[in-house]
Each structure stands twice: as structure tokens, then as C-alpha cells.
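Me: I'd like a close look at one part of this protein, followed by a walk outward through its surroundings. Could you keep it friendly and spell out the cut-offs as you go?

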Amino acid sequence: MKPLKRHPALIELSREHHHALSLCVRLLRAPAESHQTELEAHFLELEPHFVEEETMFAPHWQNIPVAMRKRFEAEHAKLRSMMANPEYLNEAWNKDFAVTLRDHARFEERELFPAVEPFLPEPEGI
């Protein structure tokens, strides 16, 4: 598969998605274990990540299918709620968090980013 060429504004977000997907793999390999330390560190990174995406995409929602915006917002809300009420020793919670985060990152990479890229401004100096 040919590597994706991302708009420069999305490259760091894509890197952060890669780290999130790695966390999801670890959670799903051992969902009965507590991943509290790793999750808490990731929670600190996720909120600024969400805010950056929300700020970047806000001016472009009129160009993006409504269903994509609704999914994006619903998944951010669910993940924020889960982060506010973590259940580190709950296997079902660990699985749900990992699957939600994994599916959300994949959705953004495969669907949302390609939909918004044409509307992002060209970087300075090109």
C-alpha cells in the first residue's frame, strides 16, 4: 500500500494517532490488567489533541459531510467521558476504551483527514 502524503498541518496529529493505536494494542492484549499509569499519561496528551483537531476543523465543517462531523463529535465526547471516569481494573472498560480510541483514530486517518485536507490552507513558504 502506498504511504499517505498528509497535509503538513495533519502530520503531527497522525503521529499522535500512531501512538494511540499502539496503546490500544497493549490494552487489548491484556484488558484485565490495570494500565493506569500508561492511560493517565495518554489522557494528558489526548485532551490537547482533541482541542487541536476541533479548532483546526471548525472552519471547514460546512465542506465535510454532516455524518462525519457528528461521528467526530460523538466519539470525542465518549472518550472524554471515559477519561473523566476511568475504570482501570475493569476489563470491559479497558476493551471499550481501546476499541473506541482505535476506531476513532482509524476513522480520522482514513475518512476525516482526506475529507478535510483539500480545505486546509497551504503552508507558508510553498
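Where does Asn 94 lie?

Reply: Happy to help. A word on the ground rules: this is a predicted model, in which local features need pLDDT of at least 70 and side-chain atom pairs count only at pLDDT 80 or more, while totals for chains, interfaces and linings use all residues. Residues are numbered from 1 along each chain as its sequence is written, and side-chain values use heavy atoms, leaving out hydrogens and water.

Asn 94 lies in helix α4 (helices are DSSP runs of H or I with at least four residues, strands are runs of E with at least two, and both are numbered from the N terminus). With a relative accessibility of 0%, Asn 94 counts as buried (buried is under 20% relative accessible area, exposed is over 50% and partly exposed is in between, using a 1.4 Å probe and protein chains only). Setting aside neighbours within four places in sequence, Asn 94 is in contact with Leu 27, Pro 31, Glu 33, His 35, Leu 39, Glu 87 and Tyr 88 (contact means heavy atoms within 4.5 Å). Leu 27 is 67 residues away along the chain, yet its C-alpha atom is separated from that of Asn 94 by 6.4 Å.

Leu 27 and Leu 39 also lead us to the helix packing. Helix α1 (residues 8-29) and α2 have axes that come within 11 Å and cross at roughly 145° (axes are lines fitted to C-alpha atoms, for helices over the stretch in contact, with angles from 0 to 180 degrees between N-to-C directions). The crossing of α1 and α2 is left-handed (the near helix is turned anticlockwise from the far one by less than a right angle; clockwise would be right-handed). Among the residues making this contact are Leu 23, Arg 26 and Leu 27 of α1 and Glu 38, Leu 39 and His 42 of α2. By class, the contact of α1 with α2 has 9 nonpolar, 4 polar and 5 charged residues (Ala, Val, Leu, Ile, Met, Phe, Trp, Tyr, Cys and Pro are nonpolar, Asp, Glu, Lys and Arg are charged, and the others, including Gly, are polar).

Next comes the other partner of α2. Helix α2 (residues 36-57) and helix α3 (residues 66-84) pack at about 160°, their axes 11 Å apart. That angle makes α2 roughly antiparallel to α3 (over 145 degrees; under 35 is roughly parallel, 65 to 115 roughly perpendicular and the rest oblique).

Back to Tyr 88, which joins Phe 43, Trp 93 and Phe 97 in one aromatic cluster. The structure holds 8 aromatic pairs (rings of Phe, Tyr and Trp, the last by its six-membered ring, with centres within 6.5 Å; planes under 30 degrees apart are stacked, over 60 edge-to-face and the rest tilted). One pair is Phe 57 with Phe 113, whose ring centres are 5.9 Å apart with planes at 65°, so this pair is edge-to-face. Phe 57 sits in α2 and Phe 113 in helix α4 (residues 91-116), so the pair ties together parts that are 56 residues apart in sequence. Phe 57 is buried at 1% relative accessible area, and Phe 113 is buried at 0%.
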